[in-house]
Amino acid sequence: MKSIFSRRKYIIGGFVALLVIIYIVRLFNLQVADDKYKENALSNAFLRRVIYPARGLIYDRNGQLLVFNQPAYDVMLIPKDVGKDLDTLALCEALNLTPDQLRQKWAEMKDPRKNPGYSAYTPQKLISHLSQEDYGRLQEKLYLFPGFFVQKRTIREYNSPAAANILGNIREVNTSDIENSDYYKPGDYTGDLGVERSYEEQLRGKKGVEILMKDALGRIKGKYEGGIHDEAPESGKNLTLSIDMDLQEYGERLMAGKIGAIVAIEPRTGEVLCLVTSPNYDPRLLVGKDRGKNYAELRRNPQKPLFDRSIQGAYPPGSTFKPTQGLIFLQEGIVTEATRYPCHRGYVNGLRVGCHGHASPIALKPALQTSCNAYFCWGFKNMIDKRGTTASKQFEKWKDYMVEMGYGYKLGLDLPGESRGFIPNSEFYSSSFRGANWSANTIISVSIGQGEVLATPLQIANLCATVANRGYFITPHVVKAIENDHIDKKYTEQHRPKIKKQYYEMVAEGMRMAVTGGTCRTANLPDIQVAGKTGTAQNPHGRDHSVFMGFAPYDDPQIAVAVYVENAGFGATFGVPIGSLIIEKYLKGEISPARKGIEDRMLNSNTIASSGVKKH
C-alpha cells in the first residue's frame, strides 16, 4: 500500500511540475518571444518615429555641387489606430486621390509581396513623395484622421542633367535588401546604380528615433520623458568625385546622336575625369512619384540608355590593341626596335589579312604610326609558333601579359556593373577546335584586336594611361575623397606589368608619330603634344566602329582618353576628333577658334541613323 501512495506522490508532483513548465514557457512566449503582444502593448502608449538622416552630398573634383537633398513627405499610419469611421472621402480630398486610387494603395500596403513584414501594430507607409502642396493640405486636416501621421525624409536633387550613369539614384528597398541587411525596414530607401549604390553605406548615414506618447484615442501627446530616450540621426558622409563635371557635360554633348562611350583618366592617379555613355538619360527622371513609370520607359527604350557602354560595353578593340602586342613582342625578344616585317598590302602567309598602302618592310614605331596590320600579324605568328614549344603554351604566356595589362577581367572600378571583356585562353581554342592542332594563323585576327578579343572603353583608356605612365597604372576610380574617411587603398596602389619601361617608351614614341604624321593627325594640337592610336573595329552586324585612344601632354601626361563610337566608320572619322576635343577642353578649358569647325561637326553629327544592328 505504501508503494502505491509513493508512486502516486511522484506522479502528482511530476504533473504539477509539467504545468509550471508549460506556464513559464507560455509566459515567455507572450512577454518575450511573441512580438505581436509586445508591439500591441507598446503601440497603445508609444509611437517610435524614425528620423531619417540627411544623405551625403556629392561634389565633383572642382567642388561643384552635383547632388543634394530636398525635403519629401510620406503618409504613414498605424493600421490598428485607424478608426472604423474613417472619412475616406475627406482623406481622398486631402491627399488629392480618387477612392479607387486610395483602395489600391491600401491593398498594396497590406500585400506581403510588396510590403514584407506588414503589421497592424507598427507604422506603415501608405503614400510616398507627397508634394509640398498636398503636404500642406493634409497637415491642416490631419487631426481628423486618427492613426495617420507624416514622415519627413529627403529625396535627391541634381544640378545637372548629366552623369546619370556615374551618380546613380535611390529607390525603395525590396525584399532582398531587407533580408540582407538589418539596417533596412519596409519603406526605406537605398542606392541604386552608380556611386549611390557602391557607396551606399557611406552616403546613407545612421537613422535616429524619437519616442512619442499617445493617449487612449491614439493622439500624439508629446515626447516621452522629454525626449531623453531619443536617438539623433547621423548624416551621411559627403563624397568628392574625381569627375570634372564640365568635361563630363562636354563629352555628353559631343556624343549626342551617337552610340558609344568616352572615358578619360588622369594617368598619375587613376582618377576618372569623365565617363560618358551614349545614349544616356537625365537622372532627374528617377526622382519622385514618377520614378517607376520613367524607369520602365527607360528599360523599354531600344537604344538602352540604362546600359553603361563605358564600362559594360564589350567591344573588339581594333587597332588600339596593337600597342599591347608591340610591348609583348619586345619583352619576349620576338622583335627589337630595328626588326622589320614585310607588308604587301597586308599579311600574306597561307592566308591574307589586308592592310593599306605604306612603306615596306616596316619596324615597330612606324607600324604604330601607320597602323600596319601585317607587322603585328608577323610578330604574333613568330611568338605563338616559336620553335621548341607549343602554340598552347605560348598563347598562355601571351594571355598572361594581357591580363597584367588590365584585359580579360574587371579592373575594379568603384561602380557597379563593370564588364570583364574577354581574352581567350588556350583551353578555349583547344575546345573550339575540338582538340585539333591550331597555330597562330588559325587565330591571327586576335593580333590586331579582332576575332574573339573584347574590351571595354574603360580598359582601353586604362591601357592608354599605362603607356602614358611608361609602365604602370592605378585602378581607375570615380570617388576622389570621402568625408572623414579614406578611399580604399587599392585606388592608390601601382600595378606594373612585367614589361620594361624602355619598351613603353618605344610604344609611346610610335603613338606620338601617329599624331604628328600618321593615322591620328586630327589630334595634332599646335601647343599640346598628343600621342594616340586609332582603331577601326570590324563589325559583322553593321558599319565598323570608330575608336581612338590618346594621352597628353606627351612628357607630363595629365589625361588619357578612349573614345568608342559604334558604327561610325574609320577611327579618324569620329574617334580621333572627339578624343582630341576632350583633351583640348580639359587642358585648355576651351576649343581654339581654328578647331571650331571640327567641334561643330562633332556636336551636330548623328551616326545612329546609319548604325545598323548593334552588338554589345
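Me: Ala, Val, Leu, Ile, Met, Phe, Trp, Tyr, Cys and Pro count as nonpolar, Asp, Glu, Lys and Arg as charged, and the others, Gly among them, as polar. How many residues of the lining of the largest cavity are charged?

Reply: The model is predicted, so local features need pLDDT of at least 70 and side-chain atom pairs pLDDT 80 or more, while totals for chains, interfaces and linings use all residues. Numbering starts from 1 along each chain as its sequence is written, and side-chain values use heavy atoms, without hydrogens or water. On a 1 Å grid over the protein atoms alone, a cavity is a set of points where a 1.4 Å probe fits but cannot get out; lining residues have an atom within 4 Å of a point. The lining of the largest cavity splits into five nonpolar, two polar and, as the charged share, six.

Me: Which strand gives the most to the lining of the largest cavity?

Reply: Strands are DSSP runs of E, at least two residues, numbered from the N terminus. Here the top contributor spans residues 148-158 and supplies three residues of the lining. That element is strand 5.

Me: How many of the 11 residues of strand 5 are buried?

Reply: Buried means under 20% relative accessible area, exposed over 50%, and partly exposed in between (1.4 Å probe, protein chains only). Strand 5 is largely enclosed by the rest of the structure, because its buried residues number eight.

Me: What residues line the second largest cavity, and which elements give two or more of them?

Reply: The lining consists of H129, I155, R156, I170, R171, Y189, L286, V287, G288 and R291. Two elements give two or more of these residues: strand 6 (169-172) and strand 5.

Me: How does the lining of the second largest cavity divide, and how many of its residues are charged?

Reply: R156, R171 and R291 are among the lining residues. The nonpolar residues number five and the polar ones two. The charged count is three.

Me: Which sense of pairing joins strand 3 and strand 5?

Reply: Two strands pair if DSSP finds at least two bridges between them. Strand 3 covers residues 65-77, and 11 bridges tie strand 3 to strand 5. Their sense is antiparallel.

Me: In strand 5, which residue is the bridge partner of N69?

Reply: Take two of the bridges. L77 has F148 as its partner in strand 5. The partner sought for N69 also lines the second largest cavity. In strand 5, N69 is matched with R156.

Me: How many bridges join strand 3 to strand 4?

Reply: Strand 4 covers residues 124-130 and runs antiparallel to strand 3. Y73 stands opposite L130 of strand 4. The bridges between strand 3 and strand 4 number four.

Me: Which residue in the turn between strand 2 and strand 3 has a positive phi?

Reply: Strand 2 (residues 58-59) pairs with strand 3 in the antiparallel sense over two bridges. I58 has V67 as its bridge partner in strand 3. The two strands form a hairpin, with five residues between them. A positive phi of about 85° belongs to G63.

Me: Which residues lie nearest the centre of the second largest pocket?

Reply: A pocket is an open set of grid points with protein on both sides within 12 Å along at least five of seven lines. The second largest pocket has 20 lining residues. Nearest its centre are S319, H356, S371, T536 and F570.

Me: Which elements give two or more residues to the lining of the second largest pocket, and which gives the most?

Reply: Strand 14 (352-354) and strand 18 (531-537) are the elements that give two or more. The top contribution is three residues, and it comes from strand 18.

Me: How many residues of the lining of the second largest pocket are polar?

Reply: S319, H356, S371 and T536 are among the residues nearest the centre of the pocket. The lining has five nonpolar residues and two charged ones. The polar count is 13.

Me: Is R543 buried or partly exposed?

Reply: R543 belongs to the loop between strand 18 and strand 19 (545-552). Its relative accessibility is 41%, so R543 counts as partly exposed.

Me: What C-alpha to C-alpha distance in space separates R543 and N567?

Reply: R543 is a loop residue, following strand 18 and preceding strand 19. In sequence, R543 and N567 stand 24 residues apart. In space, C-alpha to C-alpha, the distance is 4.4 Å.
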